Amino acid sequence: MPPPAQHFAASPGWEWWILGYFFFGGLSGGSYAIGTLLRLVGTAADQRASRVAFIASFLALLPCPILLILDLGQPLRFLNMLFDMSDGGLAFKPESPMSIGAWALLFYGLFSFVSFLGAIADSGWHAADPIARLLRGTVGIVWSVIGTGLGFFIAGYTGVLLAVSNQPVWSDGWPLGGMFLASSLTGAVALLLLLAHTRRGVDAGTAARLVVADRNFAILETVLIAVFLVTVAIAGTIGKVLGVWLLLWLVVAAGLAAPFVLSRVEAARRWPPVMAPVLGLLGLLALRAVVIFSAQT
Amino acid sequence: MAAFEERPVGFFTDTSICIGCKACEVACKEWNQLEGNEPKLLLDSFDNTGQLDAENWRHVQFIEHLPESSNGNGFVPTPTPIAGGQAWLMMSDVCKHCQNASCLEVCPTNAIVRTEFDTVLIQQDVCNGCRDCISACPYGVIGFNEKTGTAHKCTLCYDRLQNGMQPACAKACPTESIKFGYLDDLQKAADQRLAALQTAGYKKAELYGRDAKVYGGLNAFFLLMDKPEVYKLPNEQNAVLPSRNNLPGYAGAVVTAIAGLVAGVLAFRSNRMNERS
């Protein structure tokens with residue numbers, strides 16, 4: 001066992017605004033990917049859910065730049081993330097995940113917005129019909145695939161951003177990017193299932209497929225959480241991650257277990273159908289909260 | 001006064017002659033017009049500053065500890081000849097102005113730059129207060145100022161350097177524990193001082209940041225009387241850049257994205273196959 005990692009860094013004070021951004025950014029990126037998957041490999045009956053996913057993706061994205069700007073000490077200088085005010089050129093640093101993330105958010109916003117317009121046009125808002133027609137062919141497939149890549153980036157880079165630091169826990173846990181990405185997929189499916197249960201029109205077969213996807217993503221997320229915990233245990237900082245944060249970990253565990261428990265435990269079948277999706281969304285929030293706050297206390 | 005030559009400058013802080021007077025802290029605050037924080041009773045030796053932050057660009061550490069017993073490997077049980085073997089170490093801590101600076105590496109706005117004197121400076125008119133530099137600095141040097149909404153740290157008195165004056169802390173230090181000068185001159189002085197101490201029996205004395213082993217070398221380097229971690233400085237093995245996690249972080253995310261796509265395709269496509277059959 002190597003000696004524990006030495007950490008003497010100060011806390012950056014990233015708190016509620018950043019938690020909100022990580023939550024909505026994860027939901028948005030995950031929803032876009034689910035929308036593309038349903039569109040490309042789903043049945044005709046799945047297309048309605050695909051449109052809902054693209055709409056949810058854009059709506060979840062809307063608060064993201066606001067939250068990020070509010071977190072800045074100098075909110076009016078948010079453009080400094082994109083433009084170098086020293087020389088008037090572009091501010092782009094490949095070694096800085098925050099710099100890449102700012103650009104990715106800009107481009108992802110464009111892809112998410114256009115896909116949103118296409119989805120609402122297909123849902124009956126005819127003013128955006130030209131965009132919907134454009135997105136129906138090969139162009140639409142290419143657009144969705146690129147948008148999914150960007151969506152995955154938005155869902156996962158936040159974990160890489162934390163890891164690219166010298167903070168305890170964050171810098172000890174390189175799997176954070178993958179873990180956040182996996183939990184974004186789980187959370188996005190939970191959101192779609194919640195919408196399916198609370199709104200009419202989502203095909204029952206689609207809902208069943210989403211439940212299967214939810215279980216698959218939950219397994220993936222569980223593996224990534226295990227790898228993350230091993231890395232922080234090796235670094236000697238697992239005490240910070242567990243400790244007083246056990247309640248949040250229980251919420252994470254409940255969100256991951258819910259899709260399995262509901263289908264196999266008789267008593268759980270009497271729960272309201274929205275229970276599992278709500279737990280899934282709370283799990284997404286709790287996972288990010290425990291990672292953000294545990295390192296800074 | 002003429003400005004200094006555009007050559008690397010820095011601090012050599014010799015902790016063996018620091019007396020903990022805090023004149024450096026006062027001079028720094030006075031010159032840089034730092035208000036300081038509310039005084040706190042920290043119950044930590046003579047320290048009531050606490051840590052480096054936006055209001056404290058110099059911080060005198062007081063380290064009281066009993067050294068380990070001799071292990072027969074040349075370990076000196078009494079590193080300082082005071083109080084019957086109990087060590088009372090003092091060090092005036094400051095931004096290290098690293099050659100490979102973690103803060104400069106992650107700063108997304110290019111607000112953090114290297115000056116003509118090879119020091120690391122936060123441009124206050126460019127910084128937008130994202131605080132990524134605070135997250136990255138391994139020494140806990142940078143602090144966030146709520147009033148200005150920006151990150152602050154030691155400038156190595158950039159304004160004084162431009163006008164041919166040495167930094168305020170070095171000028172105020174009564175024992176010359178803080179030495180300012182051109183980096184190559186400081187390195188020579190440090191080598192001589194270390195040799196003298198080791199000849200006198202201080203086997204644990206070492207230079208920290210004198211060479212490239214720690215962040216490519218530090219423009220503000222130290223002569224320490226104990227291990228670096230005693231002074232809250234990461235040792236060579238732990239002096240690592242944030243960017244070390246870029247490749248594994250992104251690679252892990254890419255692998256997860258592919259696994260997620262496969263998991264999604266299996267979920268959505270299997271049922272389509274069922275519907276067809």
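**Exercise 1. Strand 10 of chain B and its neighbours**

Task: Which residue stands opposite L224(B) in strand 10 of chain B? Then place strand 10 of chain B among its pairing partners and describe its burial.

Solution.

Step 1. The residue opposite L224(B) of strand 10 is E206(B). The model used here, and in the exercises below, is predicted.

Step 2. A further pair on strand 10 of chain B is L207(B) with L223(B), which are bridge partners. Strand 9 of chain B and strand 10 (residues 220-224) run antiparallel and are joined by three bridges.

Step 3. Strand 10 of chain B also pairs with strand 1 of chain B, here in the parallel sense and over four bridges. One of the residues bridged to strand 10 of chain B is T13(B), whose partner is F222(B).

Step 4. Now take the side chains. A220(B), F222(B) and L224(B) point one way from strand 10 of chain B, F221(B) and L223(B) point the other way, and all are buried. Because five of the five residues of strand 10 of chain B are buried, the strand is largely enclosed by the rest of the structure.

**Exercise 2. The sheet and the helix across it**

Task: In what order do the four strands of the open sheet in chain B lie, and which helix lies across strand 1, strand 8, strand 9 and strand 10 of chain B?

Solution.

Step 1. The order is 8-1-10-9, and the pairing in this open sheet of chain B is mixed.

Step 2. Strand 8 (178-182) and strand 9 (206-208) of chain B each pair on one side only, as the edge strands.

Step 3. From one strand to the next, the twist averages 20 degrees.

Step 4. The helix is helix 6 (residues 183-199) of chain B, which runs at about 135 degrees to strand 8 of chain B.

Step 5. For the wider setting, chain B contains seven helices and ten strands, and 46% of its 277 residues are buried. Of the contacts in chain B between residues at least 6 apart in sequence, 64% join residues at least 24 apart.

**Exercise 3. A helix pair in chain A**

Task: At roughly what angle do helix 2 and helix 7 of chain A cross, and which residues meet there?

Solution.

Step 1. The axes of helix 2 (residues 47-61) and helix 7 (residues 176-198) of chain A cross at roughly 115 degrees and come within 10 Å. The crossing of these two helices of chain A is right-handed.

Step 2. Helix 2 of chain A brings A49(A), V52(A), A53(A) and A56(A), which meet L191(A), L192(A) and L195(A) of helix 7 of chain A.

Step 3. By class, this contact between helix 2 and helix 7 of chain A has seven nonpolar residues, no polar and no charged.

**Exercise 4. The contact between the chains**

Task: How many residues does each chain give to the contact, and which helix of chain B gives the most to its side?

Solution.

Step 1. Chain A gives 59 residues and chain B gives 55 residues.

Step 2. On the side of chain B that touches chain A, at least two residues come from each of helix 2 (102-106), helix 3 (132-136), strand 6 (143-145) and helix 7 (246-276) of chain B. Helix 7 of chain B gives the most, with 21 residues.

Step 3. Sorted by class, this side of chain B has 25 nonpolar, 22 polar and eight charged residues.

Step 4. Last, check the confidence. The predictor gives the complex an ipTM of 0.94 and a pTM of 0.92. In chain B the pLDDT averages 90, and 88% of the residues score at least 70. Residues 74-79 of chain B have a pLDDT below 50; beyond near neighbours in sequence, this stretch has 18 contacts in the model.

Key: Residues numbered from 1 in each chain as written. Chains lettered and ligands numbered in written order. Predicted model: local features only at pLDDT ≥ 70, side-chain atom pairs only at ≥ 80, totals over all residues. Contact = placed C-beta atoms within 7 Å. Nonpolar A, V, L, I, M, F, W, Y, C, P; charged D, E, K, R; others polar. pLDDT = per-residue confidence, 0-100. Pairing = 2+ DSSP bridges. Axes fitted to C-alpha atoms, helices over the stretch in contact; angles between N-to-C directions. Buried ≥ 20, exposed ≤ 12 C-beta atoms within 10 Å, placed from the backbone. Left-handed = near helix turned anticlockwise from the far one by under 90°.
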